[in-house]
Amino acid sequence: MLIWFTYDPAVHGTREMPGLYLGARHENWWGSTLSLEQLLDLAQGHGIPVAWVPSAHILRELAAAGPGHNDKLAVLAAAEDDIRALCRARLDECDDLWLTAEVEAGQKAVAAWDDGHREAAATLAVAALEQILYNLTETKDRTNAALGKIGKEKSNSYLPARQYVFAPLATLYAQYRPERNDPLPDNLSRHAVLHHLPLDHLNPGHCIIAVMLLVSVLRQSQERADDIRYDLMMSAED
């Protein structure tokens, strides 16, 4: 069981992935050597998506970096090309007809990123997130506060995969009101991007986080759509 959490190919050698592993863990965690607590710190503490993206070796570098938020952002900026390539690959896996418009928004965000327009990519990604999140979380309380609260929830340690998709929302939806002279949040802030847009807040690291989060949520939405269609197919056969 411990090797499931901190599997390192260099230490443990090549071994077959446990059959139920991907039902409980995201595939990009395998080989990262990170514990669930380390992943949660990246997601809830720094707002960095850890589900579906980034790759295991980048997760390892993020955990090994200094504890400061800027330390984590520097890792993302240095790995920008690899992260963008994985985001594009994950979007290619999202082919359910229910997600056509949402995936197109993700593709346009990555296209803007490809062209060097990080801020445009990030702003589109943040704007596109909300409705997708309401559908994926299945929350009846369609408010920003509700989404932020979902991000802070404690995950099921046996089946944590779904909650780790939402963990970055804890900081994305942190309260920020510039009209009250609130200090600009250190982490990526949905309210700052959509209602205030200080361009220095959209630094390279935060722009990368924004697109990563959209891709992570879309890929989880594809997983949900696959499950629903499978259940419908099983019900029809009965």
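**Figure 1. Arg84 and Trp113.** Arg84 lies over the face of Trp113, 5.5 Å from the ring centre. The model shown here and in the other views is predicted.

**Figure 2. Arg219 and Trp52.** In this view Arg219 sits over the face of Trp52, at 4.1 Å from the ring centre. Arg219 falls within the residue range of helix H14 (204-237).

**Figure 3. The aromatic pair of Trp29 and Tyr164.** A search of the whole structure gives 1 aromatic pair. Trp29 and Tyr164 form this pair, which is edge-to-face, with 5.1 Å centre to centre and 65° between the planes. Trp29 belongs to the loop between helix H3 (21-24) and H4, and Tyr164 to helix H11 (residues 161-166), so the contact ties together parts that are 135 residues apart in sequence. Both Trp29 and Tyr164 are buried.

**Figure 4. The buried side of helix H4.** Leu36, Leu39, Leu42, Ala43 and His46 are the buried residues shown in helix H4 (residues 36-46). These residues lie on the same side of H4 because they cover an arc of only 165° around the axis. Gly47, just after H4, has a positive phi of about 70°.

**Figure 5. The second largest cavity.** The whole structure contains 2 cavities of 30 Å³ or more, and the second largest has a volume of about 40 Å³. Its lining consists of His46, Gly47, Pro168, Thr171, Leu172, Leu188, Ile209 and Leu213. Helix H12 (169-172) and helix H14 (204-237) are the elements that each give two or more residues to this lining. By class, 5 of the lining residues are nonpolar and 3 are polar, with no charged residues. His46 of the lining is also among the buried residues of H4.

Terms used. Residues are numbered from 1 along each chain as its sequence is written. This is a predicted model: local features need pLDDT of at least 70, side-chain atom pairs count only at pLDDT 80 or more; totals for chains, interfaces and linings use all residues. Side-chain values use heavy atoms; hydrogens and water are left out. On a 1 Å grid over the protein atoms alone, a cavity is a set of points where a 1.4 Å probe fits but cannot get out, and a pocket is an open set with protein on both sides within 12 Å along at least five of seven lines; lining residues have an atom within 4 Å of a point. Grid points are joined across faces, edges and corners, and a volume is the space filled by probe spheres set on the points. Helices (H or I, at least four residues) and strands (E, at least two) are DSSP runs, numbered from the N terminus. Ala, Val, Leu, Ile, Met, Phe, Trp, Tyr, Cys and Pro count as nonpolar, Asp, Glu, Lys and Arg as charged, and the others, Gly among them, as polar. Buried means under 20% relative accessible area, exposed over 50%, partly exposed in between (1.4 Å probe, protein chains only). The arc is that of the directions from the helix axis to the C-beta atoms. Rings of Phe, Tyr and Trp (its six-membered ring) pair if their centres lie within 6.5 Å; planes under 30 degrees apart count as stacked, over 60 as edge-to-face and the rest as tilted. A charge sits over a ring if NZ of Lys or CZ of Arg is within 6 Å of the ring centre and within 35 degrees of the ring normal.
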